[in-house]
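User: Please take a close look at one buried proline of chain B and at the part of the model in which it sits. I would like a connected account rather than a list.

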Amino acid sequence: MQDVERFRKRAIFQHWWIVACSLLLGLTGLFLFLSWVSPAAWWGWSRLVHRIAAVGFVGIPVIYFILNPKSTLEWLKEAFTWNKEDLGWLQAAPSYYFGGPEEDMPPQDRSNTGQKLWMLVVVITSVVFVITGFIMWFFQGSIPQGAYQAMVLLHDIAFIAGGTMLLVHIALAAFHPRMSEAMRSMTTGKATVDYVKTHHGKWYERIAAEK
Amino acid sequence: MADKAILYDATKCTACRGCQVACKSWNELPAETTTNRGTYENPPDLSPDTWLKMEFREVGSIANEDMRWLFTRRACMHCADAACVKVCPTGALYYNSLGFVSLDKGKCTGCGYCVEFCPFEIPRIDTGIGQVLVRAAKCTACTTPGLDRIDNGYEPACVKTCPTGALKYGDRYELITAAKAKVEELKADGHPDANLYGENLVGGTHVLYILDDKPELYGLITDPKVPATATAWQDVIKPLGYAAAGVVGLGLLLNIMVARARIISKEEK
């Protein structure tokens, strides 16, 4: 069967790099969030791991942006482009994801509305994480207590929002029967024409016309 | 066990700073290199190596002939409703059986939340990029695990060394009774603003001050409170977080089970 390129190698590398950093950050953060795993944070090694992972989390996307400014901006534009068609996805999604008829889902672009929603969550929570984290790391003791407290709370809220949505992302991408080629796309970069036609019909039409 | 407390009588204190030295000595804290800032007050601030310091204040003026030199003890107040304990994520800060807020450095992860949420701004932590494995530090009323004087039948080091009796250690209620009598004496003796500081603050502190004047003159905050952010964070945001993750997690499990069953059965047809 014929394949379509969904992701470039460098995008796949960045994805899994961010996965690794996010897991380290999330786990070491969770040590402070759940009292019954907090002994894992004793002695402060998790604090060090958290900071090293934070550097990686910020570093690779920055390098990626410098090397691929155009595709990064396109990706951002995609995340922030919303129109009436997204409403169609939202209406069809509950039935679709619970195994309802596939034909009821309107044709989707390169990223469907749910994927765009996740992209938005990633962008927004990352910005909050990075700004509040940076301030907590480098400005402890030099900003007023109230300002620092706000940073702690915002960091936590971003963790709850981002972490909860990450559960959705993992469940759909890795375990949902309808997203059968999501994992293959993000490992090999390719998806079958059949899959792309049924899952990203609008995008397929466009790339087929360009050929 | 009945709560214990440390009572500091500012009217008896000569600011000899024996308590500062005894604190460092017992808790194995090094001296700090400081510079002369034109005051006897030294070191300039609490630090991870200085858990107790005496503050010197000049109030009034020579022209009005009401110049006074006031001394205040600055160290952990051992609140009954302690913000530091509320926000400590690892259980390193805890209430011990005597009501003191103790600190087990072995459990401290160095997050510094206690530093940022204490209404008295007492705990300290090393900051800076070079500081990798840091620990919070503060007075534990000599109940630090491994360095516990109280458990061994002694009083806190600062109390033991105090030459004027300005520091007393004992049953909290007995100390309060005695302190109130002293406050009445002071009032009768021409100090109408004399007061006992700490009895009802933040749940009732386990360090109490006898003052012959308003607390603000001594540089003490009049209305210390557990920050609203600490309550919002621990009692609202975190439980909401657990609930959100739980509901979403269960919903996803259900979704995938239903979707699998329906889609796979369709394929079989």
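Analyst: A residue is called buried if 20 or more other C-beta atoms lie within 10 Å of its own, exposed if 12 or fewer do, and partly exposed in between, with C-beta atoms placed from the backbone. Pro156(B) is buried, because 27 other C-beta atoms are found within 10 Å. The model is predicted: local features need pLDDT of at least 70 and side-chain atom pairs count only at pLDDT 80 or more, whereas totals for chains, interfaces and linings use all residues. Residues are numbered from 1 along each chain as its sequence is written, while chains are lettered from A and ligands numbered from 1 in the order in which they are written.

Helices (H or I, at least four residues) and strands (E, at least two) are DSSP runs, numbered from the N terminus. In these terms, Pro156(B) belongs to the loop between helix H3 (113-117) and helix H4 (157-161) of chain B. Two residues are in contact if their C-beta atoms, placed from the backbone, lie within 7 Å. Neighbours within four places in sequence aside, Pro156(B) has contacts with Ile6(B), Ala141(B), Cys142(B), Arg149(B) and Tyr169(B). Phe117(B) is 39 residues away from Pro156(B) along the chain, and 25 Å separates their C-alpha atoms.

One of these contact partners, Ile6(B), leads to the nonpolar core. Such a core is a set of buried Ala, Val, Leu, Ile, Met, Phe, Trp, Tyr and Cys residues joined through C-beta atoms within 7 Å. The largest one has 75 residues, and Ile6(B), Cys84(B), Cys114(B) and Cys158(B) have the most contacts inside it. Strand E8 (residues 207-211) of chain B supplies the largest share of this core, five residues. A second, separate core of five residues includes Tyr96(A), Tyr97(A), Met105(A) and Ile256(B). Within four places in sequence excluded, Cys84(B) is in contact with Leu93(B), Val101(B), Cys114(B), Phe117(B), Cys118(B) and Pro123(B). Phe117(B) thus appears again here, as a contact of Cys84(B).

The chain around this loop can be described as a whole. Chain B has six helices and eight strands, in the order β-α-β-β-α-β-β-α-α-β-α-β-β-α from the N terminus. Its radius of gyration, taken over C-alpha atoms, is 24 Å, well over the 18 Å that the globule rule (2.2 Å times the number of residues to the power 0.38) gives for 269 residues, so chain B is more spread out than a compact globule. The C-alpha trace of chain B spans about 100 × 45 × 40 Å along its principal axes. Of its 269 residues, 39% count as buried.
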